[in-house]
Amino acid sequence: MLDKSCKNVLVRGVNWIGDAVMTMPALSALRKSLPAAKISLLVRPWVAPLFENNPDIDEIILYEDRFNSLIGKFKLSSILKAKKFCSSILFQNAFDAALIAFLSRIPQRIGYKRDGRGVLLTKAIPFHGDDRKMHHASYYLNILKNIGIDAEYSDPFIYLSLEERLRARDALKNLRRPVIGINPGATYGSTKRWPSGRFAEVAKRIITELDGSVVIFGGQSEVEIAKEIALSVQGSSELKNMAGKTNLRELSALISECDGLLTNDSGPMHIGYAVKTPLVAIFGSTDPSLTGPPGKENAVIKKELPCSPCFKRECDKEKMACMTAITSDEVFEAVKNLIPQNRAVFFDRDGTLCKDVGYLNKIEDLEIFKEVKGLKVLREKGFKLIGVSNQSGIARGIVKEGFTKEVNKIFIEQYGFDDFYYCPHHPDEHCPCRKPEPLMLLKARAEHNINLKKSFVIGDKELDMLLAKAAGAKGIFVLTGRYDSQPRHGAESANADYIAKNLNEAVKWILGNS
């Protein structure tokens, strides 16, 4: 069992981008189990940027190349020993991970018993061949379950700053929407790469038939593949080749700004679902039940063949049937189905739709503004109406979650709202669903096929305007007042696209600007 009195925990992360993303649910579960502990993550420099700004981690320690030698390992162990960790959890399977923890004199060393390292662990979790038949995210969660942690799955999430999102949006601003990212590479080997010519065929159809545009992604090793595709679509101003031109944070932000992603089973595929961009993933030699993307909004294309999955880097049959059997027609249709079609107006609740009384926890205190009845005109014009509300009173024990659902249901049943999302977490959790983080809007995009770039956010707080900016929607700041003051007719917002006196004025502006 994990020593829950430990306040200083080291986690040994994994070395591949995709695997690193798949450890995020386990890191989130660990943080929930040890909210007061300092959690440090030891990872290679090339995956470390994925964890920047992640609230589940307090410190990132880089396993640099200078620590690769035997002398280097002792130097690293000396650094770690000085930090006085009391527990270490090894997500990485290698003998090296256990050796470093052992040399660092960390009292509790937890990991799978494999690669001959069991003698170095204080808690060696039995490893069977069947353990690798579970999804890799579950594989890492299983470590925590074996040490007494209630390790529930949560979707991976890469925390991007508003500045990173805006820079990426600016880089793509001259491209027609929808913007589809294409990732034609895969570091593992050729058996994970769909033919570049077929990527080119799909790219042409995105531009000509969907009236959209294409951005090609890839690392330095994919530059030539990207050039092949770009040359095949030569002459189009709606293709942007970014292969070899981005770091990991920039890549993540650019993918987040795309309306969809077409990708092989690769690191960028995992980044795609971790920034909540709907994607089409092509699988050949590997198995989507082990490493595939979560979420119904994501599509997987794979041919069921006797030889697949083989998990080989190169095809020993010299046919690559698992890849060549996948046609550009079926991939294009899958991409086409990704494109968001609906427009929405997102509403903050307290102070925007109803009087803000602080923590609304009694039905008799619910005072819905009379202008809410007039929102039906937006539905008549084809907009979906969706609520998005921070409800930290639930985590604070002030508001019952059932009551929050009851209030939200009133807007759905009596005022025609299509859905109502809420964040029940405490601000100190820094969760991805608490506004101004955009997760509630990203979930709505997936579940209601919403084009966020053609949508609006209405709210009476600056964080609502920051939410709109993060998602690429237009923000309308309403001066509808708060429980502690009269309507703020002199209020200003630095981030709003428009300031309205009330909901009626906000609706009028939307209808005139859409």
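In this predicted model, the side chains of Arg 177 and Asp 259 meet in a salt bridge, with N and O 3.0 Å apart. The two partners come from distant parts of the chain, 82 residues apart. Arg 177 sits in the loop between helix H6 and strand E7 (179–183), while Asp 259 sits in the loop between helix H9 (248–256) and strand E10 (260–264). Their surroundings are worth a look too: Arg 177 is partly exposed, with a relative accessible area of 29%, whereas Asp 259 is buried at 5%.

That's one pair, but how many salt bridges does a search of the whole structure find? The search turns up 32. Here are three of them, side by side:

| Positive partner | Negative partner | Closest N to O |
|---|---|---|
| Arg 177 | Asp 259 | 3.0 Å |
| Arg 44 | Asp 65 | 3.7 Å |
| Lys 461 | Asp 348 | 3.3 Å |

Take the Arg 44 pair. Arg 44 is in the loop between strand E2 (38–43) and strand E3 (59–62), and Asp 65 is in the loop between E3 and helix H3 (70–82), so the partners are 21 residues apart. Arg 44 is buried, with a relative accessible area of 11%, but Asp 65 is exposed at 53%.

Now for Asp 348 and Lys 461, which form a salt bridge of their own. Asp 348 lies in the loop between strand E13 and helix H14 (376–380), and Lys 461 lies in the loop between strand E16 (456–459) and helix H17 (462–471). The pair therefore ties together parts that are 113 residues apart in sequence. Asp 348 counts as buried, at 5% relative accessibility. These two also belong to a network of salt bridges, in which they are linked with Asp 356, Lys 435, Asp 460 and Asp 464.

What about a charged residue that goes without? Arg 165, in helix H6 (residues 162–171), is buried yet has no salt bridge. Which side chain of opposite charge is nearest to Arg 165? That would be Glu 437, 4.6 Å away. A salt bridge needs the atoms to be within 4 Å, so Glu 437 at 4.6 Å misses out. Arg 165 still has company, though: leaving aside its neighbours within four places in sequence, Arg 165 is in contact with Phe 157, Leu 160, Ser 256, Glu 257, Pro 438 and Ala 470.

Next, the sheet. Six strands form an open sheet in the order E15-E14-E13-E16-E17-E18, and the pairing is parallel. Strands E15 (419–423) and E18 (498–500) stand at the edges with a single partner strand each, so one side of each is left without a neighbour in the sheet. Neighbouring strands are turned by 25° against each other on average, ignoring direction.

You can follow the pairing strand by strand. E13 (residues 343–347) and E14 (residues 383–390) pair over five bridges, and Arg 343 stands opposite Phe 383 in E14. E13 also pairs with E16, over three bridges, where Val 345 stands opposite Phe 456. Four bridges then join E16 to E17, with Val 457 opposite Gly 475 in E17.

Is E16 covered on one face or both? Both faces are covered: Phe 456 and Ile 458 are buried on one side, and Val 457 and Gly 459 are buried on the other.

Two helices come into this part of the picture. Helix H15 (residues 401–415) lies across E14 and E15, running at about 155° to E15. Helix H18 (residues 503–512) has Leu 503, Ala 506, Val 507, Trp 509 and Ile 510 buried. These cover an arc of only 165° around the axis, which puts them on the same side of H18. It fits a general rule: an α-helix has 3.6 residues a turn, so residues three or four places apart point the same way. What covers the buried residues of H18 includes E13, H14, E14, E16, strand E17 (474–478) and E18. The face turned away from that buried side carries the exposed residues Lys 508 and Gly 512.

Last up is Arg 349, in the loop between E13 and H14. Arg 349 is buried, with a relative accessible area of 1%. Not counting residues up to four places away in sequence, Arg 349 touches several residues, including Cys 354, Leu 360, Val 388, Thr 404, Phe 411 and Phe 420. Arg 349 and Phe 411 are 62 residues apart along the chain, and 9.7 Å separates their C-alpha atoms.

Definitions and conventions
Residues numbered from 1 in each chain as written. Predicted model: local features only at pLDDT ≥ 70, side-chain atom pairs only at ≥ 80, totals over all residues. Heavy atoms only, no water. Helix = DSSP H or I, 4+ residues; strand = E, 2+ residues; numbered from the N terminus. Buried < 20%, exposed > 50% of the residue type's maximum accessible area, 1.4 Å probe, protein only. Lys, Arg positive; Asp, Glu negative; His and termini not counted. Contact = heavy atoms within 4.5 Å. Pairing = 2+ DSSP bridges. Axes fitted to C-alpha atoms, helices over the stretch in contact; angles between N-to-C directions. Arc of directions from axis to C-beta.
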